[in-house]
Amino acid sequence: MSEVQTGGGDKGKGGKPKAKKMSTHIDMTPMVDLAFLLLTFFMLTTTFSKPKTMEIAMPEKPKDNTDVPQVNEKKVLNLVLAENNRIFAYVGLKPTEDVVEELNYSENSLRKKLFERLRGDSGSMVLIKADDKASYANVVSLFDEMNITKQKRYALIDINDDEKKLLKEKTGTN
Amino acid sequence: MPHIKPKRNNPRLDMTPLVDLAFLLVTFFMLTTQFRPEEVVSVDMPSSTANIPLPDRNVVMLTVAKDGRIFMDLDGQKERAALLKRMGEEYKVSFTDAETALFGNLASWGVPMSSIKAYLNTPQSERKKFPQPGIPSDSSNNELSKWVLNARLVNPKVRLAIKGDRETPYEKVKKVIQTIQDKPMVNRFNLITNLKEK
């Protein structure tokens, strides 16, 4: 918007010459332009949402094999994360065909299972074993599920050979 | 017959309130802004319900890109300069004061020690194009563990944060976790996520 010349209407009329009144208006348009330019700049460069973080405490590495903590295998739920967002769950030591079941990341599959475990017995424990091909997002969402279901004991540990074999059978690839 | 002129409204608006508002907002943004750190590699973080904010200070950030390259970042100019000096001593690379000062101001880095001097001496306009293959973390040449170890010596209060891409294969993240568990013996660390919309 620029200044528009007005008040040229009564030039032709007679009368005494009036002292020309200067307009007290300042054209603020450039100032507004500048202000909004700065505003846009700061709005675009600012970061409001600080990244959030989840704290993870990994189990300490045992110094030798005698140091490995013993757990009751019936209380351990193993979750094996595979590629393409698949999860295989089993309870116990060995992933045999009859105990393995496939879960997914939806609320009434994995979460239901976790709640069930938690309700079922007090000392339950979850072991998360991610395959090399599982994505990082999978691991994070698993940790997230642990927080949501308020699991007391869970750990991220390496996948073992039995589970690797299981994945090979289930997914058909290595 | 007098010609009746339609009364013309003055088309000028009083912009003063607009200016007031605009400058108020400018001031607000100027005071609250924190410039987004320059990102060497774009990372799409997974989301979670965790809502602990990441502290501003004393954070070693390990970024694991989609392709597995590892970048490291440490806040604090002095700490960064001291870290580079220590690393230089360890790998027999000497840095001038100008180079360490420059390193203190840069964003996260992902170059092996062998080429970090060349990286620092690249003019600023070219630096973005400098190939950054990531910090080596193989068992034969595990620079990552040295970086983290020295960062902890430079600033003992430092926390480790891992920032991985949604699609990073777990293998790569596992390597980082194993490295920091192995050498500097850090069992507590943070995973950086976005807040999930619920």
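In this predicted model, strands β2 (residues 76-82) and β3 (residues 86-91) of chain A form an antiparallel pair with six bridges. One of the bridge pairs joins A:Ala82 to A:Arg86 in β3(A). Such pairing runs through backbone hydrogen bonds, parallel or antiparallel.

The wider sheet of chain A is open and holds five strands. Their order is β4-β3-β2-β5-β6, with mixed pairing. Which strands stand at the edges? These are β4 (101-103) and β6 (154-157) of chain A. Each has a single partner strand, so one side of each lacks a neighbour in the sheet. Neighbouring strands are turned by 25 degrees against each other on average, direction ignored.

Two helices of chain A contact this sheet. Helix α3 lies across β2, β3, β5 (125-130) and β6 of chain A. Helix α4 packs on the sheet and touches β2, β3 and β5 of chain A. The table gives their directions.

| Helix | Residues | Angle |
|---|---|---|
| α3(A) | residues 136-148 | about 150 degrees to β2(A) |
| α4(A) | residues 161-171 | about 130 degrees to β3(A) |

Chain B offers a surface feature. B:Leu21, B:Leu24 and B:Leu25 make up a nonpolar patch there. Together they have about 270 Å² of accessible area. B:Leu24 sits in helix α1 (residues 16-32) of chain B. Is B:Leu24 buried or exposed? B:Leu24 has a relative accessible area of 56%. Exposed means over 50%, so B:Leu24 counts as exposed.

Note on methods:
Residues are numbered from 1 along each chain as its sequence is written. Chains are lettered from A and ligands numbered from 1 in the order in which they are written. This is a predicted model: local features need pLDDT of at least 70, side-chain atom pairs count only at pLDDT 80 or more; totals for chains, interfaces and linings use all residues. Side-chain values use heavy atoms; hydrogens and water are left out. Patches are made of residues with over 30% relative accessible area and no salt bridge: like charges are joined within 9 Å, nonpolar side chains (Val, Leu, Ile, Met, Phe, Trp, Tyr) within 5 Å. Accessible areas come from the Shrake-Rupley method with a 1.4 Å probe; for residues, only the protein chains shown count as cover. A salt bridge is a side-chain nitrogen of Lys or Arg within 4 Å of a carboxyl oxygen of Asp or Glu. Helices (H or I, at least four residues) and strands (E, at least two) are DSSP runs, numbered from the N terminus. Buried means under 20% relative accessible area, exposed over 50%, partly exposed in between (1.4 Å probe, protein chains only). Two strands pair if DSSP finds at least two bridges between them. Axes are lines fitted to C-alpha atoms, for helices over the stretch in contact, and angles run from 0 to 180 degrees between N-to-C directions. Contact means heavy atoms within 4.5 Å.
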